[in-house]
Amino acid sequence: MDLLHAVLLLAAGLAAGFMNAIAGGGSLITFPALLGVGLPAVPANVSNSVAVCPGYFAAVYGSRKELRGQERRTLLLLPVAVGGAIAGCVLLLITPEAAFDMVVPFLVLGATAVLAFQDQLRRVVGHPARISLTRQRAMLYGIVGVGSVYGGYFGAALGVLFVAGLALVLDENMARVTAVKNVLSATVGVTTVVVFALFGPVNWATVAVLAPAALVGGYVGARLARRLPSKVLKAVIVVFGTGIGLYLLVHAFV
């Protein structure tokens, strides 16, 4: 890895940490960057999952004020996130990548559509304030489980998937939903680090460059998310999610 490659990865890590804290999708910056410095697809995917993890923790720290009052509910979701992430990691290591690549774009676009039409969907499933506690928990566990499997496998736009699902069920503003998303993303991230460090082909040189940059970008992004009005933050996430989904769709079929 020469100086030009290191600068490319540094810039990609900063941008990815920033995006992940606000909307998710940072892996669509770092993953192509890793391919660009010469890593094959699977080592690039695995190294990317390990490298962006510190950015999630910086985002959690940056959004800690918005987590107040949500600690118990969030903690109950963490075992589901860990189990789902492990399942996703196993899928990546034992199955062909091509089949899942065909499904990923539709998951991202579907999640973005759920967030964009959140108010209309709430008329169908019911407003969060009127959902029973038992039903809310079941929906949360399902959303977090599916999202975590996806995050363990690939992870790009994981934040979009989480925010879309959580916002449909939780009666909170977007900044507080994003704070919960950051905790769940960090949990999925650290789980993938453990699994891939033990069993995956991680390129540690690229991780050493990307990870600190993602850490800084994640903290800055979380601070910005706190200041954005809910409607603006929601619009940013929808735009990011649509762009990411279309990119993946073109990539999958071209």
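Is Cys53 buried or exposed? Cys53 turns out to be buried, at a relative accessible area of 6% (buried is under 20%, exposed over 50%, partly exposed in between, with a 1.4 Å probe and protein chains only). The model is a predicted one, where local features need pLDDT of at least 70 and side-chain atom pairs count only at pLDDT 80 or more, while totals for chains, interfaces and linings use all residues. Residues are numbered from 1 along each chain as its sequence is written, and side-chain values use heavy atoms, leaving out hydrogens and water.

Cys89 is buried too, with a relative accessible area of 0%. Its sulfur sits 11 Å from the closest cysteine sulfur, that of Cys53, which is too far for a bond. In fact, the structure has zero disulfides (pairs of cysteine sulfur atoms within 2.5 Å).

Cys89 belongs to the buried residues of helix H4, which also include Thr74, Leu77, Gly84 and Leu92. Helices here are DSSP runs of H or I, at least four residues, numbered from the N terminus. Among the elements covering H4's buried residues are helices H3 (41–62), H7 (133–153) and H9 (174–199). H4 bends by about 30° at Leu77, with Pro79 following within four residues; the bend is the angle between axes fitted to the seven residues ending there and the seven starting there.

Then there is the largest nonpolar core, with 60 residues, where Leu115 and Phe154 are among those touching the most other members. Such a core is a set of buried Ala, Val, Leu, Ile, Met, Phe, Trp, Tyr and Cys residues joined through side-chain atoms within 4.5 Å.

Methods: Helix = DSSP H or I, 4+ residues; strand = E, 2+ residues; numbered from the N terminus. Contact = heavy atoms within 4.5 Å.
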